[in-house]
Amino acid sequence: MTTIHALAAALADAFLAGDGLRRGDLVDQGGLVLGVRRRWLWPAADAVLGAYPRPPTDRPRELATFLSTLGP
């Protein structure tokens with residue numbers, strides 16, 4: 001597993017651990033994974049919200065794959 005895929009899997013798990021998908025919550029959860037809220041978490045959260053109107057709780061690997069494809 002590459003570093004990008006490991007990070008994407010950790011972010012996907014964190015995103016799905018919350019109470020639904022809300023922009024601020026996704027950024028906060030991502031910040032917990034990283035130890036700091038990085039600027040790129042906001043566009044990543046927006047991309048997730050655009051692609052997933054409902055949390056893909058039964059598809060965490062799909063979400064991780066989606067996150068791993070997001071560019072800088």
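These are my notebook entries on the fold, the helices and a few single residues of a predicted model.

**Entry 1. The whole chain**

I began with the secondary structure and found four helices and zero strands in the protein. Read from the N terminus on, the order of elements is α-α-α-α. I then looked up the overall dimensions: the C-alpha atoms fill a box of roughly 25 × 25 × 20 Å along the principal axes. The radius of gyration is 11 Å, which agrees with the value near 11 Å that a compact globule of 72 residues would have.

For the surface, I noted that the protein exposes about 4,600 Å², of which carbon and sulfur atoms supply 55%. Buried residues make up 29% of the 72 residues. I also checked how far along the chain the contacts reach: among contacts with a separation of 6 or more, 47% are between residues 24 or more positions apart.

**Entry 2. Helix H1**

Helix H1 covers residues 3–17, and its 15 residues reach 21 Å from the first C-alpha to the last, close to the 21 Å expected at 1.5 Å a residue. I listed its buried residues as Ala8, Leu11, Ala12, Ala14, Phe15 and Leu16. I then asked what covers these buried residues of H1. The cover includes helix H2 (23–34), helix H3 (41–51) and helix H4 (60–68).

Within H1 I picked out Leu16, which counts as buried because its relative accessibility is 16%, against a cut-off of under 20%. Leaving out residues up to four places away in sequence, Leu16 touches Pro55, Pro56, Thr57, Pro60 and Leu63. I also took its distance to Leu26, a residue 10 places away along the chain, and the two C-alpha atoms are separated by 8.7 Å.

**Entry 3. Helix H2**

The end C-alpha atoms of H2 are 17 Å apart, which agrees with the 16 Å that its 12 residues should span at 1.5 Å a residue. Its buried residues are Leu26, Val27, Gly30 and Gly31. They cover an arc of only 135 degrees around the axis, so they sit on the same side of H2. As for partners, the buried residues of H2 pack against H1 and H3. Leu26 is thus one of the buried residues of H2, and its C-alpha atom is the one I had placed 8.7 Å from that of Leu16. Just after H2 I noted that Gly35 takes a positive phi of about 90 degrees.

**Entry 4. Helix H3 and the loop after it**

In H3 the buried residues are Leu41, Ala44, Ala45 and Val48. Looking down the axis of H3, I see that they fall within an arc of 100 degrees, so they line one face of the helix. These buried residues pack against H1, H2 and H4.

I also looked up Asp46, whose place is in H3, and asked how its relative accessible area classes it. At 36% Asp46 is partly exposed, because the class lies between the limits of 20% and 50%. Asp46 and Ala8 are 38 residues apart along the chain, and their C-alpha atoms are separated by 15 Å.

In the loop between H3 and H4 I stopped at Pro53. Pro53 counts as exposed because its relative accessibility is 70%. From Pro53 to Arg23 the distance is 12 Å in space, C-alpha to C-alpha, with their positions 30 residues apart in sequence.

**Entry 5. Ser68 in helix H4**

The last residue I looked up was Ser68, which has its place in helix H4. Is Ser68 buried or exposed? With a relative accessibility of 18%, Ser68 counts as buried, because the cut-off is under 20%. Its side chain reaches the backbone oxygen of Thr65 at 2.7 Å.

Which residues is Ser68 in contact with, once its neighbours within four places in sequence are left aside? They are Ile4, His5 and Ala8. Of these I had already met Ala8 among the buried residues of H1, and H4 is one of the helices included in the cover of that buried set.

Note on methods
Residues are numbered from 1 along each chain as its sequence is written. This is a predicted model: local features need pLDDT of at least 70, side-chain atom pairs count only at pLDDT 80 or more; totals for chains, interfaces and linings use all residues. Side-chain values use heavy atoms; hydrogens and water are left out. Helices (H or I, at least four residues) and strands (E, at least two) are DSSP runs, numbered from the N terminus. The expected span of a helix is 1.5 Å times one less than its number of residues. Buried means under 20% relative accessible area, exposed over 50%, partly exposed in between (1.4 Å probe, protein chains only). Contact means heavy atoms within 4.5 Å. The arc is that of the directions from the helix axis to the C-beta atoms. A polar contact is a pair of N or O atoms within 3.5 Å; within protein, one must be able to donate a hydrogen and the other to accept it, and residues adjacent in sequence count only if both atoms are side-chain atoms. The radius of gyration is taken over C-alpha atoms; the globule rule is 2.2 Å times the number of residues to the power 0.38. Accessible areas come from the Shrake-Rupley method with a 1.4 Å probe; for residues, only the protein chains shown count as cover.
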